[in-house]
Structures are given as structure tokens and as C-alpha cells.
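This briefing introduces the structure shown below. It begins with one surface residue and its surroundings, and then turns to other local features and to the overall fold.

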Amino acid sequence: MADRFRWTVVFLLFAVTIINYIDRSSIAFAAHLIQSEFDLSSTRLGLVMGAFGIGYIISTLFGGIGVDRFGSKFVLASTLALWSFAIGWTGAATGFVMLYVARTVLGLAEGPSFPIMEATITKWLPPEERATALSGALVAVPVALAIGSPLVSILIDAFGWRAMFFTLCVLGLLWLPFWLIFFANTPSRSNRISEQEQAFIEAKQKQAGEHFERHVPSSDEWRQLLTNPTLLANYWAYFVFGYFIFFFMSWMPEFLRKSYNLELSQVGYFAFLPWALAAVLLLLFGPWSDRILRRTNSLRKARSFQIAGTQLFAAIAIFPASMIDNLYVAMASITLAVGSSLAANAAYYAVITDLTPRNAGTAMGIMTIWFAAAGFLAPVITGYALDLTGSFQPAFWLLSLLAASSVIGVFFFHHPDRHKQR
């Protein structure tokens, strides 16, 4: 059996994603304090939270191109330093404009993160292990939101919202040396991987017809990335997936506080539940997708059906939260919807590596633009609707409709076996 240093690389991605998501979600738990201190309406608060998505849109595509051209090591090291600075800047904010700029810079810095993950796993893992590896790295998203909810709440209660941001800034910078010491862009450049494991990885990739070098996509490859029906359906479904994440990451604390009069400490512990279920399901669904692929050799069965099924369940599960005024019914509804929506996270990424291994970073950059758009729209639309109606009910209805639309798109257009890049 080959050695397993490649799974250390997956752990490095897991660890940095934990930091990434605690940083980007932390403002939700300080939202009511920030809103009160700076006298912000819900619309303006939504704009502050949505500013992250603007920065994300700008940098994620160029980040993906940069990863394919310059490698993950340099790009992540530089962006991590910048996003830690942005988190510290948030803690020093004196008003709406400074908050808005700080969140935009945070989005700019974190935009390349998932293209980095996609390109790294494509280069370090053989095809039949990638959904498993992706689920192992991506489980950091719900884990970060689960542990971050009580952690950030405790920091705010103990030291105030500004000190919470300063603490997160320092934690991010402390992780940076580990990335620089242990990571290499490819197995061939690592001095820590064994010859046996390197040969194992390269043989599997060669068997799948894959080869990697730094390059800029050709015009034909760009056309593939922008017109392939499976990729387009994947992009839209990933937008819906992102809308779910950013809605609950941004507004769930305020929903629980406003709707059920919970204290911040209670909000933190209730918010733990949906992300904890999502973490468990993601760890199960990634390997399950790879097992289906090994048994059937069908990407449609392994990837497409998983995406459509989880989004359909999410569309149905979210309805009780909008219709029944009961804390426990609402939390059960949200927990099932969030858990289901995030369960297929690895499948979205695996489709990118399955279809475009040569341009994985760039393709992920394109898909993450859709995710970033959700990061802007979910907080902003919700804040505006809250000011307009005084209720979260329309926001929940929109979540259900979006999820249903992604199911339709995947069912009719998502055929990765047919549309795989040759």
C-alpha cells in the first residue's frame, strides 16, 4: 500500500478552511452589536455582510487562473496574510464605510481559497480518491461554522466584538508557517513524500489520461469552461448551495435572536446543530460518491444524482421553518435543510476535476464566481426583505424555490459522462 502523505496535504487544506470560515462567518454573531453601535438598518447591515461577496467575485476567477499558473503555495500564503489583516481591520472599524471596505478586502483575499483546494487535490490525489479527499477537506466548512458559533459567541461575551476580530487575526497568522513548511505544489516538488507514494499517484493520474503543467487555458478550453452544459448546471446548483450557506451563515443568529428572543450564548449553541449535521453528512456522502463511481463507472450516478437528491430534500425541509412559529420545529427544519444542502459539497468539486482536470483551478474560479454572487445576494436580499416586511418568511420561501430550480437544472442538463473534456 502506498504511503499516505497526500492525506497530510488534505489535512492542511482542512485546517486553513476552518480558519477561513470562522473568519468570514464571525460578523454574524457581532451583527446586532455592530448594528446598534453604528445605527445601521437591516438593509445596511445586509450590505456590509454582502460586501464580502463583491470582493470574492473580483478575485476568485483571477485567483483560479493564478493558482494554475503560479501554484497554490504562493497564492494561499499571500492571501492568508491579507485576509488576516482584513479581519483585524474589521475590529478597528469606526463606521459603515470602514466595515464595508474591510469586508470587501476579506472577500478579495479569500476568493482564491477554493480554486486552491480544487487544484491541489487534483494534483495530489488520484481520480478515485478525490471526492473522498474533497469531503475530508470541505467538511471544514460546517465544522468551522459549528465550532465557530459557540467560540465566537464566547469571545464576544468575554471581551467584546472588536477583541474577537483581533483574536481571529492573530490565529490566522499563526497558522501560516505550517503551510510554508509542509506544503508543496505537486508531489514531485515535495521532499516529504515517499517515492512509492509519488509513483502511485502519478501512475493513477496517467492511467486516467491526466497530465499537469502550468499554463493559461486556450480559447477552446475557455469555450469548454463557459458553455459545457454539465458545467453550467453545476455552476447554478453551486450558486444555490452558496445561497443556503451565506443565508444561514449571515442571518441565522439574527433570525434566532429576533424571532425567539435568544441570548447570544444560546444562539451560538443552537447554531451549532445545522453545521454539525452537515459535517457528518458531508463526510459520508463524499466517499459514497467515490464508491458509486468505482462500482458503476457512471459520473451521472455518482455525482449528478447526489447533487439533485440533496437539493430536493433541502427544498422540502426548509418549508416548516417559514410556516410554523416554534423554535424547535424551526431548528429541526433548518438543521435538515442545511445538512442536506451541504452533504453533496464534494460532488460539485469532483465534477470540476472529472471534467476539466487540466484547468481545475480556473474552472473552480468560474464556479466560485457563482458562489460569490450568492455571498453578496443572500445577505443583501434578506436585509432588504427584513426591512420591507419585518419577517424572515419570504427569505425561506426563496431558499426553497432556488433549491427546486437547481434540481430541475441538474436533472435535464447535468450529464458529466457525456460532456467530459477529452
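In this predicted model, Phe319 is partly exposed, with a relative accessible area of 39%. The residue lies in helix H15, which covers residues 319-323.

**Surface**
- Phe319 joins Met323, Ile324 and Trp397 in forming a nonpolar surface patch of about 400 Å².
- The accessible surface of the protein as a whole amounts to about 15,700 Å², and carbon and sulfur atoms account for 67% of that area.

**A buried loop residue**
- Ser298 sits in the loop that links helix H13 (264-296) to helix H14 (299-317).
- With a relative accessible area of 13%, Ser298 counts as buried, because the cut-off for buried is under 20%.
- Once neighbours within four places in sequence are set aside, Ser298 contacts Leu293 and Asp417.

**Helix H5**
- Helix H5 has 15 residues (96-110) and should span 21 Å at 1.5 Å a residue; its end C-alpha atoms are 21 Å apart, in agreement with that expectation.
- Its buried residues include Phe96, Leu99, Val105 and Leu106.
- The buried residues of H5 pack against helices H1 (5-25), H2 (27-38), H3 (42-70), H4 (72-91) and H6 (113-124).

**Overall fold**
- The protein contains 20 helices and zero strands.
- Its radius of gyration is 20 Å, which agrees with the value near 22 Å for a compact globule of 422 residues.
- The C-alpha atoms occupy a box of roughly 60 × 45 × 40 Å along the principal axes.
- Of the 422 residues, 63% are buried.
- Among contacts between residues at least 6 apart in sequence, 86% connect residues at least 24 apart.

Note on methods
Residues are numbered from 1 along each chain as its sequence is written. This is a predicted model: local features need pLDDT of at least 70, side-chain atom pairs count only at pLDDT 80 or more; totals for chains, interfaces and linings use all residues. Side-chain values use heavy atoms; hydrogens and water are left out. Helices (H or I, at least four residues) and strands (E, at least two) are DSSP runs, numbered from the N terminus. The expected span of a helix is 1.5 Å times one less than its number of residues. Buried means under 20% relative accessible area, exposed over 50%, partly exposed in between (1.4 Å probe, protein chains only). Contact means heavy atoms within 4.5 Å. Patches are made of residues with over 30% relative accessible area and no salt bridge: like charges are joined within 9 Å, nonpolar side chains (Val, Leu, Ile, Met, Phe, Trp, Tyr) within 5 Å. Accessible areas come from the Shrake-Rupley method with a 1.4 Å probe; for residues, only the protein chains shown count as cover. A salt bridge is a side-chain nitrogen of Lys or Arg within 4 Å of a carboxyl oxygen of Asp or Glu. The radius of gyration is taken over C-alpha atoms; the globule rule is 2.2 Å times the number of residues to the power 0.38.
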